[in-house]
Amino acid sequence: MRLVVVESPAKAKTINKYLGAGYKVVASYGHIRDLLSKDGSVRPDDDFSMVWEVSSAGVKHLKDISDQLKGCDELLLATDPDREGEAISWHIKELLDEKKILKMPFKRIVFHEITKGAIKEAIANPRDIDDSLVDAYLARRALDYLVGFTISPILWRKLPGSKSAGRVQSVALRIIVDREVEIEAFEKKEYWSLEAKFESKNKKIFDARLTHYNGEKLDKFSIIDAQRANSVKEALQNQQFAVTSVEKKVVKRNPAPAFITSTIQQEASRKLGFSAKKTMQLAQNLYEGVEVDGETTALITYMRTDSVNLSKDAVEKIRDLILQKYGKDFLPANPRVYQTKVKNAQEAHEAIRPVDASITPDLLKGKLSSDLYKLYDLIWKRAVASQMSSAEFDQVQVDISDDKKNVFRANGNTLKFEGFIKVYVEGKDDQQEEDADGMLPPLEKGDRTPLNKLDALQHFTTPPPRFSEASLVKKLEELGIGRPSTYATILQVLQDRGYAKLINKFFVPEIRGRLVTTFLIGFFQKYLEYGFTAELEQSLDDVSNGSKSKLDVLKNFWKEFSENVDQTKGVKISDVIDKLNDALGTFLFRTENGVSRVCPECKAGELSLKIGRFGSFIGCSRYPECSYVRKLDSSPMTDGDAVMVQSSEYPRFLGVDPSDNSEIVMKKGPYGLYIQKDKKSTTPATTKDDAPATAEKPKKKTPKAPKAQKVPAEKPIRASIPNFINPESISLDMAVSLLQFPKTLGQHDGEEVKVGIGKYGPYVLFKGKYVSAPKSEAFFSMTLSDAVELIKNKQAAKQH
């Protein structure tokens, strides 16, 4: 009896039906153990030894594996065919060895598609666990841990309100922030073009653009204002034009290769609107097996890969299908072979393809969920198109000139042969890219072409676009940052930590993200450089192929990194604020008239970034004499309009209570939004904010000072936001008023008059009786006379 261990129960179920008697299949449910989540779990002084912790779920799954091993003669570790899969197999073996349970032979088997043939072949060709792949996993895990557990506490101390920092996520965030800085610095430029409509000899109208004026070639900015454009237009208006040049050629376009992890995420985002995370979840289901006609069927090959290769057998089956379904014209003479363009690519896997190309999308209509069907359809079409003939276009370029060397150019593009386009066309990130011009009427050199219409059109340059999920994945791939299996997680983590958010499907950095990025560039610049991160990825790939030692990579990294960390120990929060003020000055202190740090309220103080527990804001240096505060909660967009981008949706800093200097924030709880004021202790205290990150312990014991009597911390004051008030309209004054309710306005007829907000809305309380008040913002400024009038109206109504 052989025990086969895979990662998921769905995969176990699919494989089990292929193996039958003599085999048992059990799932590990992913990783059974991971690094202990506390400081010191990676020990640089002990050759980077690691402290592992088995999760509570892992204990159960390890017991299941141990129990299933009883009575078995061999253990086959069949986890996924990548570094993570290799690591899971290694962890299982290590734990079984520690428990002295593994007393039989064990082997590692890998397959890239869940078919009977692939599994049987894997079992027939077992191997040992690949130590180089495991070392690469361990090195990556150690690096990520050391960066996260070293930089994150520094962030928390020096930049309150920050979340944790990650080795790769921080670089991805920098890409988003750098693009935002480009957009903000962008200055649009005006330019003009002359667009004409000409008439051919068969009376067909076609378009052309002016390319030469008075013999000089025009570039984009040759005509930059209306006066010049109209002058050129007037000079051309009455000229006689004829065709002076006709160039024709056939242009071929080749298909894109079958999907790899990054390209499937990009295309699913462009064409289907799927997030990277959703795409990978659906692909996992298609790989492990889905129910089709009552039977579990695996439909695609392994989805975490950066190889564009297809197996010889798969190519032959796809070519047979093309011949049968589309005809010989759509089948090239030889199979297409692709070379990857991805940095640090691992060519061990196949590209993502259908397990069986004969299972066409049409056969699965109504048998899969809508999303699973859409993704399978995309994968099938891309894989089949990758082996089809090129598409062919008739391309025509026509020059139309007058006798003064003024030239208009018309371009035409006509599809001559569909080729792969019959099945699939790759999407693009830039919607302004144009594939083809329209068709042109028949034109020959010497043809007279009367000018039908001439327009001078105004244009403006546009800033570079923000990154969508698709284009950010593409950028990470181009730079060699991260691995295919990590892209979806990277994008999700940036959003979960409140560093960036998707607005209209494009990433915009939040205030917190900009501050963290600027801090890290200021104090850990090398580790946020694109080139350094890519080189480190290459080093990890070198470990995986055995050309570099895990220890050498870790030691080289840690030596410089730990020295860099030591240099930040004496850095104070005031130093951090100064650096952020300088680096982000154009963003933080921008006004309608430029950049200014002069306080707009007192005209004497200097504006500066302030860091609070509940967010960042701009304040005056003359505080508390000047109480000017401006929230940092918006980011300018490319079109000049302000779009609100909360630094973190909640808690939201509203300001400082002028009565006692306490911070007032809006927070979100299980029952809705509320206002909170944290009362400050009146006992003097030493702040840790400006203390060094780590203080050296005294070598000699000193007499203990008498313990100061602890003053119990006062509970924060809270007030719910009533449903008749728009949270976006709440000002600091309104928040202060809310926290004061119920309050006494004064006396009437010798009795107190109180106001407050209860279960049924705002009220006035007089002589133990409640009088309802109007549900409006005016209630917050209600005076004693207003309340007395309500009371009298209520009494008068009762008398009637």
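The legends below describe close-up views of one helix and two cavities in a predicted model. Residues are numbered from 1 along each chain as its sequence is written. Local features need pLDDT of at least 70, side-chain atom pairs count only at pLDDT 80 or more, and totals for linings use all residues.

**View 1. The buried and exposed faces of helix α4 (residues 116-124).** Helices are DSSP runs (H or I, at least four residues), as are strands (E, at least two), numbered from the N terminus. Ala-118, Ile-119, Ala-122 and Ile-123 are the buried residues of α4 (under 20% relative accessible area, 1.4 Å probe, protein chains only). Seen down the axis of α4, these residues fall within an arc of 130 degrees, so they line one face of the helix; the arc is that of the directions from the helix axis to the C-beta atoms. Glu-121 and Ala-124, on the face turned away from the buried side, are exposed (over 50%). The cover over the buried residues includes β1 (2-6), α1 (9-19), β2 (23-27) and β7 (74-77), with contact meaning heavy atoms within 4.5 Å.

**View 2. The largest cavity, with a volume of about 100 Å³.** A cavity is a set of points on a 1 Å grid over the protein atoms alone where a 1.4 Å probe fits but cannot get out, and lining residues have an atom within 4 Å of a point. The volume is the space filled by probe spheres set on the points. Of 13 lining residues, Val-147, Gly-166, Arg-167, Tyr-527 and Leu-528 lie nearest the centre. α16 gives the largest share of the lining, three residues.

**View 3. The second largest cavity, with a volume of about 70 Å³.** Among its 14 lining residues, Gln-169, Ser-170, Leu-173, Leu-494 and Tyr-499 lie nearest the centre. α6 (169-185), α14 (487-496) and α15 (511-523) each supply at least two lining residues.

Definitions and conventions:
Heavy atoms only, no water. 1 Å grid on protein atoms, 1.4 Å probe; cavity = no way out; pocket = protein on both sides within 12 Å on 5 of 7 lines; lining within 4 Å.
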